[in-house]
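This report goes through a ligand site, a helix pair and some backbone details, with the criteria for each term given where it is first used.

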Amino acid sequence: MRQVWSAVVTSALAATDPGQAVPWWRSGVTYQVYIRSFADSDGDGMGDIDGIRSRLPYLVSLGVDALWINPWYPSPQADGGYDVADYRDIDPAFGTLDAAQRLIDDAHAAGLRVVLDIVPNHTSDEHPWFVAALDAAPGSPERDRYVFRPGRGPGGELPPNDWRSVFGGSAWRRVRDRGDNGDGGDGGPAQWYLHLFHPKQPDLNWASPDVRAEFLDVLRFWFDRGADGFRIDVAHGLAKDPALPDLGIDHEGVLGPPDRENHPHWDRPEVHEIYREWRRLADEYDPPRMFVAEAWVSSVDRLAAYLRPGQLHTAFDFDAVRSPWDAADLRRTITSSLTAHQRVSAPVTWVLSNHDITRHLTRYGRPTPVGLQSAGSEELRRGHGPTDVALGTRRARAAILLELALPGAVYLYQGEELGLAEVEDLPEELLADPVWERSGHTDRGRDGCRVPIPWSRRGPSLGFGSGPGWLPQPAGWGELSVQAQEADHTSMLWLYREALRIRREQPALGTSGSAEPDGLTWLDLAPGVLAFTRPPGFTCIVTAGAESAALPPGRVLLSSVPLTDGRLRADAAAWLVTG
Ligand code: GLC
């Protein structure tokens, strides 16, 4: 039976990869499935694997090449599944290993790749390794898999250094005195452990050979089951300066770029060796498996360092996410990203939204658009004034045409194709992101982009499931549902489908996969107008700052708004076939 399946799989996937010469990840469009909020098959309010399976036809009709699924492993869910208790199983709330296998197989049969999410910086405190570490004595091999240290001060009552947790507070927690393991009671003061994120997410010690071997084995486990690749969580974490020097800061931004050279726990040179090992493993497979890194680093050159030959394939480009909606800024950012990636022969991986940042429709609708090159997800989430949803929607329509016209790979975040805005008025008692508690209720966290998506006009959770979802949907989302948008040629969903269809058909779009700049040539049309051509004969034009722009001669393939007298109005984009 497995053999029959793999024959089906090979042919379905081959069909999406004409020529096979260019690996799919160089230009593929991947849809991010935030599993808790995508589709709930059993009515418990939580999305699940069978829910995803039931919606594969939707992803096929949307026209994407792959899906990335946020962590689905057994987890106490202290951080939406990024606190993993067992890397080789499925959380019962999401399904079973068999269900996961069925999903992978069905996705392949439908011509879709499946990218999973690996969380190597930390485990859950309920992972058997951490439980064993607590039971073991200081200095034991069990403790050496994590970062345990004695405290400072006469009784060790102060944390080992001043590092801050990304979610707020100190990055250290003292273990309880047990008295029977040499840690406290008889054996001196109890130790502290490092948790750069939640206290329920103890950091692993990547200098430990056990840790390195374990993760290679976990990758193998899922690659053997057909996973086509992995998104690497906090890929710039992992390695720590063993001296654990103080940082002299009182605040760690949520997922921002490191604030200094030679940072003791972000973007350290030692991480590259880890990824060289991972790449060797991925290359043992036929077809080779791929990686996409989440790395909040200080420059696009630092990002490209992860993509040097022999390391990772792709990494999200957060510079474009941070760019204000302004033609000159966008051009500068796009150029610097393309240039840095070309130097290492890697494609840029464009992204506008994900499960950690404010939905881009809302960001683009704010009077002061984010323009902080140094912004981390915290700044990208903070309010910058009230949102003009109509403006945000117009810009979001233009932004997707811009993104899909650029050379490289693209990730879509579930719901952006429906034009969903950030939900900014969730009742406080329902907020589940640990950021809310850990910030002392000053930062509402990331739940506003994690609300279950609407599939139909009506129903207790608008078709997400048969009962209410784990977070309530705002009034009005029924009209943004897939059902409502499917028949409407002016809808966001229709624009995404058309753009993805044209992207597949146009030889100029996607990427050649070579180290060449993929022939992007900027056109200097007018201030506030971004325009470029790609051979053969394709032009993308975007108004970001200008009141309107004259279209270059050519046949319009698609535009984000209706055109008036051959002109494109403000905050809009068009694709043309030009001579
Ligand atoms: C990544 C995830 C985020 C999570 C954090 C800790 O940034 O995207 O959701 O909270 O890592 O694992």
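How far is an oxygen atom of the ligand from an N or O atom in the side chain of E294? The distance is 2.6 Å, which falls under the definition of a polar contact (a pair of N or O atoms within 3.5 Å; within protein, one must be able to donate a hydrogen and the other to accept it, and residues adjacent in sequence count only if both atoms are side-chain atoms).

## Basis of the values

The model is predicted, and local features need pLDDT of at least 70, side-chain atom pairs count only at pLDDT 80 or more, while totals for chains, interfaces and linings use all residues. Residues are numbered from 1 along each chain as its sequence is written, and side-chain values use heavy atoms, with hydrogens and water left out.

## Ligand site

Side-chain N or O atoms of two other residues also approach ligand oxygen atoms, at 2.8 Å for H355 and at 2.5 Å for D356. Taken alone the ligand exposes 310 Å², of which the protein buries 100% (accessible areas by the Shrake-Rupley method with a 1.4 Å probe; for residues, only the protein chains shown count as cover).

Around the ligand there are 15 residues, and D79, D233, E294, H355 and D356 come nearest (a residue is near if one of its heavy atoms lies within 4 Å). This shell divides into five nonpolar, three polar and seven charged residues (Ala, Val, Leu, Ile, Met, Phe, Trp, Tyr, Cys and Pro are nonpolar, Asp, Glu, Lys and Arg charged, and the others, Gly among them, polar).

## Packing of α13 and α16

Helix α13 (residues 389–405) packs against helix α16 (residues 492–505) at an angle of about 10°, with the axes 10 Å apart (lines fitted to C-alpha atoms over the stretch in contact, angles running from 0 to 180 degrees between N-to-C directions). Helices here are DSSP runs of H or I with at least four residues, and strands are runs of E with at least two, numbered from the N terminus. The two helices are therefore roughly parallel to each other (angles under 35 degrees).

The contact (heavy atoms within 4.5 Å) involves, among others, I400 and L404 of α13 and L495 and Y496 of α16.

## Backbone details

The peptide bond from D286 to P287 is cis, with omega near -5°, and P287 sits in the loop between α7 (271–283) and β8 (290–293).

Technical notes
Angles under 35 degrees count as roughly parallel, over 145 as roughly antiparallel, 65 to 115 as roughly perpendicular and the rest as oblique.
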